[in-house]
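Student: I am new to this structure and would like a close look at a single part of it. Please take the largest nonpolar core, and then show me what lies around it.

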Amino acid sequence: MKDKIYRIIIGGDLLPSSANIKLFEEGNIEALFGKELCQLFADADFSIVNLEGVLTESDDRQEKAAGPSLKAPRKTIKGIYELGVKAVALANNHVTDYGSLGCCNTIETLKNSGIQYVGAGDSISNIQKSLTIEFGDQKICIYNVSETFFVVPDEKTAGANLYDEWIVLNEIKKLKEKHDYLIVIYHGGAEYLPYPTPQTRTRFHRMAECGADFITAQHTHCIGCEEWYHGSYLLYGQGNFLFAGQKKYPRLTKEGLVTELLFSENDVKIKHHIVNIVGNVLQYDTAQDFTSFKERSARIDDQDFIMDEFMKIKVDDVMTKFLAGLKGQYPFRRLLSKLFPKTMKKFVGRSFTKRQTLLNYFIMRSDRAREDMLAIWQYVLPTNR
């Protein structure tokens with residue numbers, strides 16, 4: 001690698017939307033991404049983005065408790081290919097939005113286009129958890145994992161590589177033994193919060209302690225903050241790449257980071273590029289002002305402040321959405337069960353609507369929902385404040 005610099009580009013969430021599907025299908029990358037970003041990807045030796053949805057024509061949505069079902073036509077792969085994307089990360093909460101078929105359609109489309117994938121598979125035994133890039137005599141690994149959100153893969157069901165701490169940390173240790181540099185792309189964290197939650201930060205620290213050199217979080221849809229920990233670089237939120245359909249928190253969700261890792265013989269440099277979603281296309285930010293990013297990073301140890309910011313974003317969701325799943329549809333069922341115990345026993349399973357049952361399952365299964373709810377209780381209990 002003497003005198004040679006190799007570049008890896010990592011982008012955030014990408015999915016064609018109804019307003020720019022035609023540009024993707026035509027492969028009109030200059031209209032979609034602008035000259036500067038097209039050149040950045042053209043100059044890269046390897047590039048990867050998170051595909052925030054599936055590529056399928058299926059209309060068979062996976063029944064789930066929360067969040068939209070996201071897809072784009074398979075023909076939109078042309079725009080991703082023409083940009084020069086070499087791989088996509090699939091470990092996320094939307095990879096099974098259209099069931100196993102949607103996930104398998106996506107993998108097949110990527111394979112047919114010569115684009116690698118990581119983080120998912122057509123069954124739990126076939127999940128592609130990592131990929132290796134070789135630059136000269138150096139071996140770089142990209143490992144992709146997601147928080148558990150809802151659907152868990154099995155031998156008959158497609159899905160993502162989900163975060164099981166014992167498994168993930170041991171896999172990272174083994175991968176580090178075989179590679180010179182280990183990149184972890186983690187899908188998780190609290191949406192619209194530009195700081196790490198306690199769970200996310202603890203997980204990042206543990207992964208770093210086990211050998212991860214660079215860890216980035218996607219899913220939050222906003223630029224977060226950074227820290228160095230035990231010699232590892234941790235980025236808590238890249239924001240969106242080109243995910244134009246979002247309307248919530250536009251000030252946060254219309255801005256993202258494209259991260260560039262520059263590998264030389266004895267060094268790795270990390271450089272960020274700010275990009276903006278303007279309308280339904282992407283533009284390179286001319287100002288490249290990192291002031292707010294640096295200010296947030298300086299407050300990363302201020303847990304009281306971060307918890308207050310967390311509450312502002314999450315309390316309404318928890319109170320209006322998650323708690324609805326706990327109430328059931330018969331508010332007097334406790335009284336009725338005392339008056340008519342034998343009769344009520346027959347109807348106990350019917351005391352929740354299908355929607356409420358899904359919400360309860362989601363809360364118990366989802367890492368994110370559990371942490372959100374626990375944080376609310378800790379926040380409102382005066383003994384913990």
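Tutor: What follows starts with the chain as a whole, goes on to the core and its elements, and ends with other parts of the chain.

The model is predicted. Its protein chain holds 13 helices and 18 strands. Of its 385 residues, 57% are buried. If we take the contacts between residues at least 6 apart in sequence, 71% of them join residues at least 24 apart.

Now to the core. The largest nonpolar core has 42 residues, and the members that touch the most others are Phe33, Val88, Leu90, Phe241 and Leu242. Two or more residues each come from strand E1 (6-14), helix H2 (29-43), strand E2 (46-51), helix H3 (77-83), helix H4 (99-112), strand E15 (240-242) and strand E17 (268-278). H2 gives the largest share, seven residues. Apart from this core there is another one, with 37 residues, including Cys141, Cys225, Leu234 and Ile306.

H2 deserves the closest look. Its buried residues are Ile29, Leu32, Phe33, Gly34, Leu37, Cys38, Leu40 and Phe41. One of them, Phe33, was named above among the core members that touch the most others. What does Phe33 touch, leaving aside its neighbours within four places in sequence? Its contacts are Leu14, Phe24, Cys38, Gly79, Leu83, Phe241, Leu242 and Leu282. Two of these partners, Phe241 and Leu242, are also among the members of the core with the most such neighbours.

The path of H2 is not straight. The helix has a kink of about 85°, centred on Lys35. Its end C-alpha atoms are only 15 Å apart, whereas a straight helix of 15 residues would span 21 Å at 1.5 Å a residue.

H4, which also gives residues to the core, can be set beside H2. H4 has 14 residues and reaches 20 Å from its first C-alpha to its last, close to the 20 Å expected at 1.5 Å a residue. Its buried residues are Gly99, Gly102, Cys103, Asn105, Thr106, Ile107, Thr109 and Leu110. Just after H4 comes Gly114, with a positive phi of about 75°.

On the other side of H4, in the loop between strand E5 (87-89) and H4, is Tyr98. Is Tyr98 buried or exposed? Its relative accessibility is 4%, and buried means under 20%, so Tyr98 counts as buried. Leaving aside neighbours within four places in sequence, Tyr98 is in contact with Val54, Thr56, Ser58, Asp59, Asp60, Arg61, Gln62, Ser69, Leu70 and Lys71. Of these, Leu70 is 28 residues away from Tyr98 along the chain, yet their C-alpha atoms are separated by 8.2 Å.

Strand E2 is another contributor to the core, and Ser47 lies in this strand. Ser47 has a relative accessibility of 1%, which means that it counts as buried. Beyond its neighbours within four places in sequence, Ser47 is in contact with Ile9, Phe41, Gly84, Val85, Lys86 and Ala87. Phe41 in that list is one of the buried residues of H2.

Strand E15 leads to a residue with a less common backbone angle. Most residues other than glycine have a negative phi. Tyr249, in the loop between E15 and helix H7 (250-253), has a positive phi of about 50° although it is not a glycine. With 30% relative accessibility, Tyr249 counts as partly exposed.

Tyr192 also has a positive phi, of about 70°, and it is not a glycine either. This residue sits in the loop between strand E11 (181-187) and helix H6 (198-209). Tyr192 is buried, because its relative accessible area is 11%.

H6 in turn packs against another helix. The axes of H6 and helix H5 (residues 165-178) come within 9 Å and cross at roughly 35°. This crossing is right-handed. On the H5 side the contact is made by Glu165, Val168, Leu169 and Ile172, and on the H6 side by Arg203, Arg206 and Met207.

Last is helix H12 (residues 354-365). H12 has 12 residues and reaches 16 Å from its first C-alpha to its last, close to the 16 Å expected at 1.5 Å a residue. Its buried residues are Gln356, Leu358, Leu359, Asn360, Phe362 and Ile363.

Terms used. Residues numbered from 1 in each chain as written. Predicted model: local features only at pLDDT ≥ 70, side-chain atom pairs only at ≥ 80, totals over all residues. Heavy atoms only, no water. Core = buried A, V, L, I, M, F, W, Y, C linked by side-chain atoms within 4.5 Å. Buried < 20%, exposed > 50% of the residue type's maximum accessible area, 1.4 Å probe, protein only. Helix = DSSP H or I, 4+ residues; strand = E, 2+ residues; numbered from the N terminus. Contact = heavy atoms within 4.5 Å. Expected span 1.5 Å × (residues − 1). Bend = angle between axes of the 7 residues up to and from the residue. Axes fitted to C-alpha atoms, helices over the stretch in contact; angles between N-to-C directions. Left-handed = near helix turned anticlockwise from the far one by under 90°.
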